[in-house]
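Here are a few notes to read alongside the model. Have the structure open while you go through them.

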Amino acid sequence: MQVPDGFRYTGEHEWVQDAGDGLVRVGITDYAQDALGDIVFVELPAPGTAVVPGTACGEVESTKSVSELFAPVAGTVTARNDALDAAPETVNGDPYGEGWMFEVRVEDAAALEDLLDAPAYTALTEG
């Protein structure tokens, strides 16, 4: 299982990457995509949507189940990965790269420090 350094993680298995200029990119972790199985559909928040940490803002559907996508930080969605509409399986093959889901302009950058770092997320998933 991949857990890259330099990312932050949530207990709900989302990752957050600081994209600079007050923006973060969000996706689901390798652990999450593996647990879900073959991803066949994603529903992502639209640009302009206000998100609140820990609240559902989308869905990821696989051949096994449907799981909610949770906002890891407070802010406003600035972009979504429209390429996933045609190729949701990209999340399975590249969850930390081309499989990103949406970007958020963060209200409070310090909130990123409250998320898990790679060793803490690894401990969560192995525990």
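**Notes on the predicted model**

1. Let's start with Thr10, which is buried: its relative accessible area is 5%, so it falls below the 20% cut-off for that label. Bear in mind that this is a predicted model.

2. Where does Thr10 lie? You'll find Thr10 in the loop that runs between strand S1 (8-9) and strand S2 (14-20). Its side chain makes a polar contact of 2.8 Å with the side chain of Glu14. Leaving out residues up to four places away in sequence, Thr10 also touches Pro72, Leu115, Leu116, Tyr121 and Leu124.

3. Now the largest nonpolar core, which has 24 residues; Val24, Ile28, Met101 and Phe102 touch the most other members. At least two core residues come from each of strand S3 (23-28), helix H1 (30-36), strand S4 (39-43), strand S6 (56-62) and strand S9 (102-106). A second core of eight residues lies apart from it, including Val3, Tyr9, Trp15 and Trp100. As background, nonpolar side chains tend to be buried together in soluble globular proteins.

4. Ile28 is worth clicking on. Not counting neighbours within four places in sequence, its contacts include His13, Glu14 and Trp15, and also among them are Gln33, Leu36, Ile39, Val60, Leu69, Val91, Pro95 and Met101. Glu14 therefore turns up twice here: it is in contact with Ile28, and its side chain is the polar partner of Thr10, the buried residue from the opening point.

5. On annotation, an unreviewed UniProt entry lists residues 23-105 as "domain: Lipoyl-binding". Over that stretch the chain is 18% helix and 42% strand, and the end C-alpha atoms are 4 Å apart.

Key
Residues numbered from 1 in each chain as written. Predicted model: local features only at pLDDT ≥ 70, side-chain atom pairs only at ≥ 80, totals over all residues. Heavy atoms only, no water. UniProt positions renumbered as here; feature names shortened; annotations may be inferred. Core = buried A, V, L, I, M, F, W, Y, C linked by side-chain atoms within 4.5 Å. Buried < 20%, exposed > 50% of the residue type's maximum accessible area, 1.4 Å probe, protein only. Contact = heavy atoms within 4.5 Å. Polar contact = N/O pair within 3.5 Å; in protein donor to acceptor, adjacent residues only side chain to side chain.
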